[in-house]
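This report looks at ring packing and at the surroundings of one selected residue. The model is predicted.

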Amino acid sequence: MTKRFPAGSEWRKWDLHVHVPGTQLSDGYEKKDGKPDWDRFADAIEASDVAVFGITDYFSATRTLEFIDHFHNKYPNSEKLLLVNVELRINESLNKDGHMVDFHVIFSDKVPGEKIKEFLSKLQTQTTDHNDRPKSCSELAGNDYNDVTVARRDIKKAFGETFGYKAELTDYLIYAVPANNNGIRAEKGQQRKAGLADETDKLAHAIFGKSVANSRYFLRTDRYEDASQTSKPKPVFGGCDAHNFTDLSNWLGKAVDKRDSRQVVTWVKADPTFEGLRQTLVEPGDRVSLSELRPDAKDQYKVIKQVTFEGSDDFPEEIVFNPNLNAIIGSRSSGKSALLAHIAHAVDPEYTVSQQSLADPKRKKNELGPAAGKPWSSVESTVCNVEWADGSTNGGQVIYVPQNWLYQISDNPKEVTAKISPVLELQYPAFFRDYQRLLDSAKSCNTDIGKAVSGWFDIGDDLARIDADVKKIGDTKSIVKARDDISADIEALRVNNSLSSDALENYQTVVKDMDYKRKRINETDIEVERLNDFVTNSQDRTFSPIEGAVQVEITTSPSPSDLPEHLATVIGAHVSESRDALAARIGTALASYRGEIATEVGKLKEEISKLETDNKSLLQKHKANATLDELVRRRKVQQDSLDRIEKLENERLSLVRNQTEAVEQIVNQIASRTASLEALEESFCEDERFLDQLTFGISIDFDPEVLGALAAPFRKKREKAFLLKTDSGDYFVDAHSAQESVAVFLESLRSGKLALNGGNAPSDVARQVLLTMPEVRFTATLDEDKIGGFERSTMTPGKQALFALTLILGEAEERWTLLIDQPEDDLDSRSIYGEIVRYLVEQKKQRQIILVTHNANLVVGADAEEVLVANRHGDDRRNEGDRTFDYLTGSLEHSARNESASYDLSRMGVREHAVEILDGGEEAFQKRRDKYKI
């Protein structure tokens with residue numbers, strides 16, 4: 001008989017890999033009087049917050065069994081479960097380090113110790129005796145343990161010889177192998193090893209791992225080397241693998257992430273029994289979690305721990321509840337709905353009566369009560385006390401949904417969208433993923449739009465500066481004429497002074513070349529000045545970046561602030577690492593360029609010196625002629641002005657191109673944003689979206705209220721382009737036109753054509769308008785009446801009541817306990833059961849649910865953590881103490897049979913009652929026979 005835990009399957013810490021003091025290898029436990037200190041080990045286990053242990057030894061169970069007996073003698077009332085874990089090594093090297101694979105055999109606590117020893121006596125190893133006969137595990141001694149291995153075929157053979165070849169293996173034991181280190185993750189590219197690893201994977205039931213990544217990998221169904229084979233998802237357990245008391249103290253039930261050690265906490269949602277361990281093999285993704293904190297953690301003050309009854313023999317004194325999904329089942333009039341109603345009434349009587357009144361408006365309020373014909377006034381002596389998980393007995397709320405209940409919701413379009421969204425997420429998860437992805441994609445475009453708008457206005461400021469600088473230099477045509485006139489004077493002077501044209505040309509070439517090089521040296525002075533804050537000075541042309549001088553900012557889309565905290569932390573670490581690496585690379589590049597400048601300047605100075613030396617006579621001859629020198633200087637002044645104008649004009653052309661590119665980027669991002677929204681609408685319209693009689697629709701447009709708010713910064717003397725007036729005299733921004741004519745809109749703001757009130761910067765207003773996105777709103781239609789979108793609702797309050805299910809599925813942010821009484825009664829289509837199951841599976845992670853139902857799919861399919869079997873006292877179904885209603889509580893994995901029991905609820909376990917009571921129970925369980933062994 002499986003031990004029953006009244007609160008059902010709860011998250012508890014498990015550690016299935018803890019070595020016993022005196023373990024055959026690497027025993028680091030301090031001894032007491034020369035013997036293993038089992039008292040200290042037992043005390044540590046009992047004091048730990050871990051519920052289930054795999055007490056481990058290599059190729060042997062002798063010490064493990066002796067210790068478990070010692071523990072039970074020392075702590076006879078302990079709730080801890082200790083399982084025998086025999087650690088073997090397979091004679092195959094699968095990982096890159098060449099280690100043999102560890103292989104763990106974890107036995108059920110129902111398997112007698114002698115049977116475990118028999119298994120080990122039949123398990124042959126690859127080690128032989130002096131007669132070359134293979135030794136069994138039971139025959140190993142001394143140094144044998146250092147190198148001993150076993151073969152997979154021999155493990156299978158030993159099981160068959162011990163328990164029977166037709167025996168269900170997991171009735172007696174499970175196999176577990178590590179993922180990494182001495183594990184089965186083959187080295188990449190080693191195809192043969194990968195194939196062998198897959199064979200060991202197939203033999204194993206569970207995995208020992210150290211990370212969530214391990215869990216994700218072994219939940220996959222495509223991890224085999226042979227892609228045509230489907231791999232079975234498997235649970236991944238952490239194990240501290242402690243070999244000494246220090247590690248046991250530091251690692252057991254704790255998360256550790258250090259350079260020399262990584263430990264994870266294993267949480268298992270199951271009864272702390274071997275049967276509970278078996279359930280993890282069928283639902284590895286839902287039953288096992290590697291996390292430091294308890295999974296599905298809820299606010300304790302929002303979780304009902306138990307209810308107690310006083311002043312009546314109708315109910316038991318105490319009923320406990322699970323923090324996740326509780327299913328109350330039983331025959332008709334067995335006290336299911338009555339229990340649910342009493343809980344709701346104990347928390348909030350007025351609210352409960354109000355909800356019952358909405359569910360049954362024909363009954364007067366003074367007729368309403370926990371059951372038909374039993375008004376609340378008739379059960380005033382029955383006191384139901386609700387105790388929350390934080391220990392409080394006052395306060396708190398519940399969301400109570402009695403049978404036939406319909407809730408009214410507002411016709412506010414945004415609220416309608418908020419209510420429809422979770423229904424779509426449940427009914428059409430593929431679309432909802434597209435919805436979130438495309439909406440995020442549309443929003444992400446705004447980052448680039450905002451930067452491009454700011455860049456456009458910054459470029460406009462630079463263009464204005466260039467135009468002013470060019471104006472200061474002078475008119476280009478006049479400067480060209482002045483330069484040409486001076487050139488004519490130089491030619492006349494050459495002729496009059498009999499200067500050869502070649503000599504003059506050479507002189508001018510040399511002077512121009514030296515002037516260019518000196519100009520470049522002056523330019524490098526500016527560059528050096530800019531680099532001095534980032535690069536150390538040096539006399540030997542060797543430069544280094546100044547530590548901490550280079551700063552790098554990295555923005556990501558999505559922003560970490562929009563992500564879950566744990567994911568934001570991971571991304572933040574990546575960003576920080578990338579920022580530091582990028583800053584280091586930039587610093588190195590700056591130092592390298594500073595060295596290039598020093599080399600270039602040295603070379604330029606050498607070239608100038610050589611020009612002066614090689615052309616000394618030519619320079620002296622022409623410099624002697626003061627008139628010629630002056631003319632050359634004056635022509636150079638004019639040419640320099642033209643060069644400056646040319647440089648500014650080139651800069652201007654570049655800025656104009658950049659400004660054009662900024663507009664193009666804005667246009668492209670708006671187009672991309674629009675495309676995402678159009679794709680979203682197209683994705684929605686690919687199929688008809690409906691729930692019962694409701695047909696859902698989608699509408700995408702600008703929010704009129706937002707367009708009106710955008711008009712606030714503008715001067716509104718009259719209607720103008722991009723600023724329109726409504727019939728009521730209010731103004732609004734024509735966002736459609738502004739986003740279709742970006743360049744014109746931006747220029748209108750910059751030029752002042754679109755005048756703004758004081759204190760409003762054109763760039764800020766431009767960003768607000770161009771960043772405004774059309775809003776996505778969902779609609780619902782019933783008998784051609786519509787609610788939601790951008791039009792007024794045509795639904796009557798009665799039709800709005802059909803949004804009750806939407807409200808139930810959409811209240812995810814309100815995490816109070818949800819009490820639902822037979823939701824299947826309000827739904828005609830059996831297909832909806834699957835949707836409710838999906839809803840229950842997801843919602844129970846976020847809030848406690850107490851459900852009354854007759855339907856097996858809602859109990860078995862949603863894997864209710866606790867089942868409450870209700871029974872009404874009668875001659876053929878007696879309750880203990882003859883109380884009117886009684887309840888057997890526990891997990892679905894609890895199984896028992898006792899046909900001679902005095903009371904009906906004691907005859908069977910929770911599993912057997914569920915099969916007998918629930919509509920379609922046997923069929924539902926049969927579909928999951930691998931899990932429940934029916």
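## A buried ring pair between two strands

Phe-103 has a relative accessibility of 0% and therefore counts as buried. Tyr-175 is buried as well, its relative accessible area being 1%. Both values fall under the 20% limit, which is why the two residues are classed as buried.

In the predicted model, there are 24 aromatic pairs. One of them is formed by Phe-103 and Tyr-175, with 5.1 Å from centre to centre and 50° between the planes, a tilted arrangement. The two residues are 72 apart in the chain: Phe-103 belongs to strand E6 (residues 100-107), and Tyr-175 belongs to strand E9 (residues 173-178). The pair thus links distant parts of the chain.

## A stacked pair between helix and strand

Phe-684 is buried at 2% relative accessibility, and Phe-778 is buried at 0%. Their ring centres lie 5.9 Å apart and their planes meet at 25°, so the pair is stacked. The angle is under 30 degrees, and therefore the stacked label applies.

This pair, too, links distant parts of the chain. Phe-684 is in helix H19 (residues 626-685), while Phe-778 is in strand E25 (residues 775-782), with the two positions 94 residues apart in numbering.

## An aromatic cluster and charges over rings

One aromatic cluster consists of Tyr-29, Trp-38, Phe-41, Phe-67, Phe-71, Tyr-75 and Phe-245. A cluster member, Phe-245, has the charged end of Arg-40 over its ring, at 4.0 Å from the ring centre.

Another charge placed over a ring involves Arg-12 and Phe-5. Here the charged end of Arg-12 is 5.2 Å from the centre of the Phe-5 ring.

## The surroundings of Leu-82

Leu-82 is part of strand E5 (residues 81-93). With a relative accessible area of 5%, Leu-82 is buried.

Which residues does Leu-82 contact, leaving aside its neighbours within four places in sequence? They are Ile-45, Phe-53, Ile-55, Phe-67, Ile-68 and Phe-71. Among these contacts, Phe-67 and Phe-71 also belong to the aromatic cluster described above.

Leu-82 and Thr-273 are 191 residues apart along the chain, and their C-alpha atoms are separated by 9.3 Å.

Key:
Residues numbered from 1 in each chain as written. Predicted model: local features only at pLDDT ≥ 70, side-chain atom pairs only at ≥ 80, totals over all residues. Heavy atoms only, no water. Phe/Tyr/Trp six-rings, centres within 6.5 Å; stacked < 30°, edge-to-face > 60°. Helix = DSSP H or I, 4+ residues; strand = E, 2+ residues; numbered from the N terminus. Buried < 20%, exposed > 50% of the residue type's maximum accessible area, 1.4 Å probe, protein only. Lys NZ or Arg CZ within 6 Å of the ring centre and 35° of its normal. Contact = heavy atoms within 4.5 Å.
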